[in-house]
Amino acid sequence: MLSQQTLTELLLKQQNWQDRYRQIIALSKQLPDFPADLKTDSNQVNGCENRVWLTFQKQTDDTFIFQGDSEGRIVKGLLAILLIIANHKTAKQIQAIDFQFELSKLKITDELSQSRLKGLDKLIERIQSVN
């Protein structure tokens, strides 16, 4: 997975929304394979346009590693962006992240539909619920 700095550089060098859109789809392909046995109701994030699954593991240094999948390429790409932002951080650091600001800075949220934005909010809520 990319670093947050590399992600920022990659998305901001795109000239328009269509180029960022293609890049988001490309990011979806970088997510590691998500095991089928983790696609359970308890791991599903409700409120998204497509079915989305999200899991996390707390590491020995108190940081978290998130893993996820979605049936939709765009949603999966957006999930990849959220995971790049959240991975390898403590619960306190994750809860302090202003995800909306970070996504706005990447010039993503202005072009998304209301239903996608609502789904993003649900994903962010789930990510920030770790402790």
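These legends go with a set of close-up views of a predicted model.

**View 1. Helix 1 packs against helix 3.** Here we zoom in on two helices, helix 1 (residues 4-12) and helix 3 (residues 73-86). When two helices pack, you describe the pair by the angle between their axes and the distance between those axes. For this pair, the angle is about 140° and the axes are 9 Å apart. That angle makes helix 1 oblique to helix 3. Which residues do the touching? From helix 1 come Gln4, Leu7 and Leu11, and they meet Ile81, Ile84 and Ile85 in helix 3. Sort the residues of this contact by type and you get five nonpolar, one polar and no charged.

**View 2. Three strands line up in an open sheet.** Strands of a sheet pair through backbone hydrogen bonds, and the pairing can be parallel or antiparallel. In this sheet the pairing is antiparallel, and the strands sit in the order 1-2-3. Which strands stand at the edges? Those are strand 1 and strand 3 (89-90), and each has a single partner strand, so one side of each has no neighbour in the sheet. Helix 3 packs on the sheet and touches strand 1, strand 2 and strand 3. The direction of helix 3 makes about 175° with that of strand 2.

**View 3. A closer look at strand 1 beside strand 2.** These two strands run antiparallel, and seven bridges join them. To find one of these spots, look for Gln57: its bridge partner is Ile65 in strand 2.

**View 4. Lys39, Asp69 and Lys76 form a network of salt bridges.** Start with Lys39 and Asp69, whose side chains meet in a salt bridge with N and O 2.9 Å apart. Where do the two residues sit? Lys39 is in the loop between helix 2 (17-28) and strand 1 (52-58), while Asp69 is in strand 2 (residues 63-70), so this pair ties together parts that are 30 residues apart in sequence. Is each partner buried or exposed? Lys39 is partly exposed, with a relative accessible area of 36%, whereas Asp69 is buried at 8%. Now follow Asp69 to its other partner in the network, Lys76: here the closest N and O atoms are 3.1 Å apart. In total, the model has seven salt bridges.

**View 5. Glu102 and Lys105 make a salt bridge within helix 5.** Their closest N and O atoms are 3.2 Å apart. Why do these two residues sit about one helical turn apart? They are three residues apart in helix 5 (residues 99-105), which means about one helical turn separates them. Glu102 counts as buried, because its relative accessibility is 16% and the cut-off for buried is under 20%. Lys105, on the other hand, is partly exposed, with a relative accessible area of 38%.

**View 6. Leu82 is a buried residue of helix 3.** How accessible is Leu82? Its relative accessibility is 0%, so Leu82 counts as buried. Which residues does Leu82 touch, leaving out those up to four places away in sequence? The list is Phe99, Leu103, Leu120, Leu123, Ile124 and Ile127. Take Ile127 as an example: Leu82 and Ile127 are 45 residues apart along the chain, and their C-alpha atoms are separated by 8.5 Å.

Definitions and conventions:
Residues are numbered from 1 along each chain as its sequence is written. This is a predicted model: local features need pLDDT of at least 70, side-chain atom pairs count only at pLDDT 80 or more; totals for chains, interfaces and linings use all residues. Side-chain values use heavy atoms; hydrogens and water are left out. Axes are lines fitted to C-alpha atoms, for helices over the stretch in contact, and angles run from 0 to 180 degrees between N-to-C directions. Helices (H or I, at least four residues) and strands (E, at least two) are DSSP runs, numbered from the N terminus. Angles under 35 degrees count as roughly parallel, over 145 as roughly antiparallel, 65 to 115 as roughly perpendicular and the rest as oblique. Contact means heavy atoms within 4.5 Å. Ala, Val, Leu, Ile, Met, Phe, Trp, Tyr, Cys and Pro count as nonpolar, Asp, Glu, Lys and Arg as charged, and the others, Gly among them, as polar. A salt bridge is a side-chain nitrogen of Lys or Arg within 4 Å of a carboxyl oxygen of Asp or Glu. Buried means under 20% relative accessible area, exposed over 50%, partly exposed in between (1.4 Å probe, protein chains only). Two strands pair if DSSP finds at least two bridges between them.
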